[in-house]
Amino acid sequence: MPTDSILQQLRDIHVPIEPGLWPLSLAWWLLFLLITIIIVGSSWWSIQRFVYLRPYRKIRRQARDLTAQFDQGAISVRSYVVGVNLLFKQLIVTLDKEPAAMKVFGSDWVTCLSMRFDEPRFLIDFKLCFGIDQYRKNTEFDGEQLRELVTNTLFKVKPKRASHA
């Protein structure tokens, strides 16, 4: 058989057209849906976390501002103690919502602070600062130690972790 006649018979066979990208298959739609759900979920989680942590960032900022005023000599040590104590109260009573903290004062308040921050120096070195003795006129405070305590507690304040029984 001649080769020309064989080629003449094959003339009607064409190479098929490559499939287009659209419409997509079901697997691609599911992948896009999964990616969209992940993006929306992570965005929602980030916004909720940002809103939840806002009061703690505010307390950290106020503590830094108060410490800066103290370092510049704009406020006295006693005013610094009162301001720091108010920030501690705002944190424990308002944000942590400790029901017992609303009624405590004196050494019980110092114990509450010590337990919240896991800082034993509240009970040893700072009993005068945050206990009842802070209201006596002749009470002297160590501003540098107090500044270090504020740096270790209020500058790094985060939500209290839930205790597991």
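**Exercise 1.** Determine whether Thr 153 is buried or exposed in this predicted model.

*Solution.* Residues are numbered from 1 along each chain as its sequence is written. The model is predicted: local features need pLDDT of at least 70 and side-chain atom pairs count only at pLDDT 80 or more, while totals for chains, interfaces and linings use all residues; side-chain values use heavy atoms, with hydrogens and water left out.

Step 1. The relative accessible area of Thr 153 is 3%.

Step 2. Buried means under 20% relative accessible area, exposed over 50% and partly exposed in between (1.4 Å probe, protein chains only).

Step 3. Thr 153 is therefore buried, at 3%.

**Exercise 2.** Locate Thr 153 in the chain and identify which residues it contacts beyond its neighbours within four places in sequence.

*Solution.* Step 1. Thr 153 lies in the segment that follows helix H7 (143–152). Helices (H or I, at least four residues) and strands (E, at least two) are DSSP runs, numbered from the N terminus.

Step 2. With those neighbours set aside, Thr 153 has Phe 88, Phe 117 and Phe 122 in contact (heavy atoms within 4.5 Å).

**Exercise 3.** Describe the largest nonpolar core and state which helix supplies its largest share.

*Solution.* Step 1. Such a core is a set of buried Ala, Val, Leu, Ile, Met, Phe, Trp, Tyr and Cys residues joined through side-chain atoms within 4.5 Å.

Step 2. The largest one has 27 residues, of which Tyr 80, Phe 88, Leu 91, Phe 117 and Leu 154 touch the most other members.

Step 3. At least two residues each come from helix H2 (26–72), helix H3 (77–95), helix H4 (107–117) and H7. H3 gives the largest share, seven residues.
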